[in-house]
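Me: Please walk me through this model. Keep it short, and reason each answer out.

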Amino acid sequence: MGKVIPFITGAAIGALAALAFAPQTGEKTRALVAERANAFAGEAKDFGAGMPGTAQEAFGAMREKGADLLKDAPAKAQEFANGATARVMGATGQAPAESNDELREKIEAARRRIAAQVMENAEQSKAVDVAAEAAEDVKAEVAEAAEAEAEAEAE
């Protein structure tokens with residue numbers, strides 16, 4: 001709608017300019033403009049008269065196409081699902097449910113391995129802590145022995 005008004009305004013200004021600078025007499029120019037305007041109006045009426053039938057035909061065709069698509073939708077969906085299942089079976093050599101069970105088993109086995117590794121690391125960490133404490137004890141004993149030896153030599 002925003003482009004129609006400027007177009008009509010421009011056409012009207014152009015028509016007025018043509019009338020003002022026309023090389024023919026006003027009477028001949030008016031007759032020519034009236035003839036062309038009537039021809040244009042007739043074409044517009046013919047076009048407008050054909051539109052409702054065309055729009056109704058287009059709507060009817062689209063409604064039929066939509067009904068056909070709706071009727072075919074369940075079959076198409078099933079066909080798509082069957083194709084997807086076939087592709088999964090072709091890629092893995094087994095049905096999707098079997099594949100899911102196998103994946104669950106692998107995940108559970110991985111969880112068990114990780115838990116065992118965590119426990120082993122915790123035990124090793126305790127062993128390192130015990131060894132560190134023992135080393136501190138030995139260090140303290142060595143320091144005391146060295147101190148006692150130094151005192152004995154000093155006497």
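**Surface, fold and salt bridges**

Reply: Start with Val4, which counts as partly exposed because its relative accessibility is 42%. Val4 sits in helix α1. This is a predicted model.

Me: Which residues form a nonpolar patch on the surface?

Reply: Patch members need over 30% relative accessible area. Val4 has 42%. Together the patch residues offer about 330 Å² of accessible area. They are Val4, Phe7 and Ile8.

Me: Where in the protein chain is confidence lowest, and where is it highest?

Reply: The mean pLDDT of the protein chain is 77, with 85% of its residues at 70 or more. Where pLDDT is low, the predicted coordinates should not be read in detail. Confidence is lowest in helix α2 (residues 26–92), at a mean of 76, and highest, at 82, in helix α1 (residues 4–20).

Me: What pattern does the protein chain follow along the sequence?

Reply: The protein chain has 3 helices. Strands number 0. Read along the sequence, the pattern is α-α-α.

Me: What share of the residues in the protein chain is buried?

Reply: Buried means under 20% relative accessible area. The accessible surface of the protein chain is about 13400 Å², and 63% of that belongs to carbon and sulfur atoms. Of the 155 residues, the buried share is 3%.

Me: How far apart are the closest N and O atoms of Glu102 and Lys106?

Reply: Glu102 and Lys106 are about one helical turn apart, because 4 residues separate them in helix α3. Glu102 is partly exposed, at 33% relative accessible area. The two form a salt bridge, and the closest N and O atoms are apart by 3.3 Å.

Me: Which residue meets Arg111 in a salt bridge?

Reply: A search of the whole structure finds 2 salt bridges. Arg111 counts as exposed, at 53% relative accessibility. Its partner lies 3 residues away in helix α3, so about one helical turn separates the two. The N to O distance is 3.6 Å, and the partner is Glu108.

Me: Is Glu147 buried or exposed?

Reply: Glu147 lies in helix α3 (residues 96–154). Glu147 belongs to a patch of negative charge on the surface, with Asp129, Glu133 and Glu136 among the other members. Exposed means over 50% relative accessible area. Glu147 has 52% relative accessibility, so it counts as exposed.

Key. Residues numbered from 1 in each chain as written. Predicted model: local features only at pLDDT ≥ 70, side-chain atom pairs only at ≥ 80, totals over all residues. Heavy atoms only, no water. pLDDT = per-residue confidence, 0-100. Patch = residues over 30% accessible without salt bridge, like charges linked within 9 Å, V, L, I, M, F, W, Y side chains within 5 Å. Areas by Shrake-Rupley, 256 points an atom, 1.4 Å probe, with all protein chains shown as cover. Salt bridge = Lys/Arg side-chain N within 4 Å of Asp/Glu carboxyl O. Lys, Arg positive; Asp, Glu negative; His and termini not counted. Charge placed at Lys NZ, Arg CZ, Asp CG, Glu CD. Buried < 20%, exposed > 50% of the residue type's maximum accessible area, 1.4 Å probe, protein only.
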